[in-house]
Amino acid sequence: MHLTITSILQSLFVSGFQTVPQVKQLADEDHTYIRGAIENRSPCPGLNALANQGFLPRDGKDITPSQVEHALMTALHMDKLAARSLTSALPPLCRKDGTFDLVDTRRHNVIEHDSSFTRLDFHQGDNYTFQPAMLQAMIDDADGGPVTLRSLAKTFIRRNKESRAAGAPRLSLGLWFVRLFQAVGVMNTAQTGGVLTKELLEAVFVEERFPDIILDNPKPRTVFTLLGNALGMMRYVILGP
């Protein structure tokens with residue numbers, strides 16, 4: 001999912017002057033985890049998890065941005081501004097009927113971008129398949145403890161160096177902010193006291209499933225909690241992890 005400073009400002013303006021379109025209710029109200037076919041999935045583990053658990057169409061097809069916004073608010077307890085900001089990049093992926101498929105989010109430099117923590121870069125030929133070794137490297141950056149903002153800063157720096165060394169071009173300023181917010185996206189979504197256990201990370205990235213510790217936590221996820229996590233990580237990026 002995609003968030004920039006511009007999308008936050010746009011959402012602030014639009015939410016005050018535009019009514020929210022009616023969200024078509026999904027026939028599947030059973031949120032049992034059922035892993036979907038990888039060929040119908042996104043490079044974003046969050047979107048995949050929402051589909052695997054029935055908060056989005058399980059086949060990953062014919063999804064509307066409004067459905068994604070509704071899923072973020074109901075499943076992950078995001079407030080409207082955060083949910084709308086995160087879905088603001090989806091319309092360019094939509095067909096004329098206003099829908100998109102999860103595979104459409106593989107389009108380079110829309111939601112997917114280089115220097116991902118768990119996916120290879122576009123020029124490496126596969127920018128959407130989860131790489132277990134890259135998740136393990138993120139866990140290893142925490143030096144045996146849970147993943148924190150400090151260890152995420154280490155991963156953020158390391159992946160930038162690896163991506164540039166592999167020949168990826170520099171990210172635009174807009175995509176740099178996308179990368180920043182995505183780096184702390186799971187931390188913000190989890191709201192587990194600033195720590196991410198290996199078990200939680202494997203549920204989200206390996207299984208593409210939101211565990212109960214996330215789904216049952218009613219603490220609101222807001223743009224401000226996301227900004228707080230981003231600033232907290234950047235403190236370590238600037239001063240050193």
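This is a chat about the confidence, the cavity, a pocket and a helix pair of one predicted model.

Me: Before anything else, what's the mean pLDDT of the chain?
Reply: The model is a predicted one, and the mean pLDDT of its chain is 89, with 88% of the residues reaching 70 or more.

Me: And over which residues is the pLDDT below 50?
Reply: That applies to residues 8–23, a stretch that nevertheless has 18 contacts in the model beyond near neighbours in sequence.

Me: OK, on to empty space. How many cavities of 30 Å³ or more does a search find?
Reply: A search of the whole structure finds one cavity of that size, and about 660 Å³ of space lies in it.

Me: Which residues lie nearest the centre of that largest cavity?
Reply: The lining consists of 40 residues, and those nearest the centre are Cys44, Pro45, Gln182, Gly185 and Val186.

Me: Which elements give two or more residues to its lining?
Reply: For the largest cavity these are α2 (45–52), α4 (80–86), α7, α8 (185–190) and α9 (198–206).

Me: How does that lining divide by class?
Reply: The lining of the largest cavity has 25 nonpolar residues, along with 12 polar and three charged ones.

Me: Now the second largest pocket, what lines that?
Reply: Its lining is made up of Ser115, Phe156, Asn160, Ser163, Arg164, Ala168, Pro169, Arg170, Leu171, Trp176 and Arg179. Two elements, α6 (149–165) and α7 (173–183), give two or more residues to this lining, and the second largest pocket holds about 170 Å³ of space.

Me: Which element gives the most there, and what about the classes?
Reply: Helix α6 gives the most to the lining of the second largest pocket, with four residues. By class, the lining of this pocket comprises five nonpolar, three polar and three charged residues.

Me: Since α6 came up, at what angle do α5 and α6 pack?
Reply: Helix α5, which covers residues 132–140, packs with α6 at an angle of about 130°, and their axes are 8 Å apart. The angle is neither over 145 degrees nor within 65 to 115, so α5 counts as oblique to α6.

Me: Which residues meet in that pair?
Reply: From α5 there are Met134, Ala137 and Met138, and these meet Leu152, Thr155, Arg158 and Arg159 in α6.

Me: And how do the residues of that contact divide?
Reply: The contact of α5 with α6 has four nonpolar residues, one polar residue and two charged residues.

Methods. Residues are numbered from 1 along each chain as its sequence is written. This is a predicted model: local features need pLDDT of at least 70, side-chain atom pairs count only at pLDDT 80 or more; totals for chains, interfaces and linings use all residues. Side-chain values use heavy atoms; hydrogens and water are left out. On a 1 Å grid over the protein atoms alone, a cavity is a set of points where a 1.4 Å probe fits but cannot get out, and a pocket is an open set with protein on both sides within 12 Å along at least five of seven lines; lining residues have an atom within 4 Å of a point. Grid points are joined across faces, edges and corners, and a volume is the space filled by probe spheres set on the points. Ala, Val, Leu, Ile, Met, Phe, Trp, Tyr, Cys and Pro count as nonpolar, Asp, Glu, Lys and Arg as charged, and the others, Gly among them, as polar. pLDDT is the predictor's confidence in each residue, from 0 to 100. Contact means heavy atoms within 4.5 Å. Axes are lines fitted to C-alpha atoms, for helices over the stretch in contact, and angles run from 0 to 180 degrees between N-to-C directions. Angles under 35 degrees count as roughly parallel, over 145 as roughly antiparallel, 65 to 115 as roughly perpendicular and the rest as oblique.
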